[in-house]
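Let's take a walk through a protein together. Keep the 3D view open and turn it as you read.

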Amino acid sequence: MPPLPVGKIAENVRQMLTSLGEDPERDGLQRTPERVEKAMKFLTGGYTENIPKLVNGALFEVAYDEMVIVKEIEFFSMCEHHMLPFWGKANVAYIPNGKVIGLSKIPRIVDVFARRLQVQERMTQEIAQTLMDILKPKGVAVMLEAEHTCMSMRGVEKPGSLTVTTQFRGLFKDDPNEQLRFLSLIRAGQR
């Protein structure tokens, strides 16, 4: 198998392996720098995504004014502080204001922000703001629940601990009853 093209990331990984006391030329590590570069480019592919292109006009005029929820959207991301993974589920809702978005676009928007070096709090805000900007709905609610390996594998070493973040915009922020309705609906029938 021919070697993969070597880029700056691969060269830095090679130097990191040497700094850790490893031999990047030993059998199991020979192609590791290139594999890490390829993985990092995939895991941070959200930086190069174009949201209007991703939405691709999938906005539809519909006279529907009740809550739309896409729940339990699985995602994975990388903590910007330690570059360690975190993963979990996103629950996203909006109340239309004459327009709805193709349902598959919501998980794609989640992925755009998840596939960046992130903090969960900012990711939650970015998803909510993007939907507000695109749809101009009456309100948006986003809740992320995630496990962070920077907490489970190092530091406090508490596997299974979940971090929950929420972001409410429009009616969800102004009306506590809408917040409660969102929270009860995402908990109903949870897998």
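Helices (H or I, at least four residues) and strands (E, at least two) are DSSP runs, numbered from the N terminus. This is a predicted model, where local features need pLDDT of at least 70 and side-chain atom pairs count only at pLDDT 80 or more, while totals for chains, interfaces and linings use all residues. Residues are numbered from 1 along each chain as its sequence is written, and side-chain values use heavy atoms, with hydrogens and water left out.

Start with the whole thing. The protein has eight helices and seven strands, and its C-alpha trace spans about 60 × 40 × 25 Å along its principal axes. We'll call a residue buried if its relative accessible area is under 20%, exposed if it is over 50%, and partly exposed in between (1.4 Å probe, protein chains only). By that rule, 43% of the 191 residues count as buried. A contact, meanwhile, means heavy atoms within 4.5 Å. Take the contacts with a separation of 6 or more: 69% of them are between residues 24 or more positions apart.

Now find helix H1, residues 8–19. The expected span of a helix is 1.5 Å times one less than its number of residues. For the 12 residues of H1 that gives 16 Å, and the end C-alpha atoms are indeed 16 Å apart, so the two agree. Which residues of H1 are buried? They are Ala10, Val13, Arg14 and Leu17. These buried residues sit on the same side of H1, because they cover an arc of only 105 degrees around the axis (taken from the directions from the helix axis to the C-beta atoms). There's a handy rule behind such patterns: an α-helix has 3.6 residues a turn, so residues three or four places apart point the same way. On the other side of H1, Lys8, Gln15 and Ser19 are exposed. After the helix comes Gly21, whose phi is positive, near 95 degrees.

What covers the buried residues of H1? The cover includes helix H2, residues 32–43. To describe how two helices pack, we use axes, which are lines fitted to C-alpha atoms over the stretch in contact, and angles that run from 0 to 180 degrees between N-to-C directions. The axes of H1 and H2 come within 8 Å and cross at roughly 125 degrees. That makes H1 oblique to H2, since angles under 35 degrees count as roughly parallel, over 145 as roughly antiparallel, 65 to 115 as roughly perpendicular and the rest as oblique. Look closely at where they touch: Lys8, Ile9, Ala10, Val13, Arg14 and Leu17 in H1 meet Pro33, Glu34, Val36, Glu37 and Lys41 in H2.

Another helix pair is worth a look. H4 (residues 105–114) and H5 pack at an angle of about 135 degrees, with their axes 9 Å apart, and are therefore oblique to each other. On the H4 side, Ile106, Ile109, Val110, Phe113 and Ala114 take part, meeting Met123, Glu126, Ile127, Thr130, Leu131 and Ile134 in H5. Pick out Thr130, which belongs to H5, residues 120–135. Thr130 is buried, with a relative accessible area of 11%. Leaving aside neighbours within four places in sequence, Thr130 is in contact with Ile51, Ile109 and Phe113.

Next, move to strand E2, residues 68–79, where you'll find Glu74. Is Glu74 buried or exposed? Glu74 counts as exposed, at 61% relative accessibility. Not counting residues up to four places away in sequence, Glu74 touches Gly88, Lys89 and Asp111. Glu72 is in E2 too, but it counts as buried, at 7% relative accessibility.

Glu72 has a backbone quirk as well. Most residues other than glycine have a negative phi. The phi of Glu72, though, is positive, near 55 degrees. Glu157 also has a positive phi, near 50 degrees. Glu157 sits in the loop between helix H6 (149–152) and strand E7 (163–170), and is exposed, with a relative accessible area of 52%.

Finish at Phe172 in helix H7, residues 171–174. Phe172 counts as buried, at 0% relative accessibility. Leaving aside neighbours within four places in sequence, its contacts include Met67, Tyr94, Val140 and Phe182.
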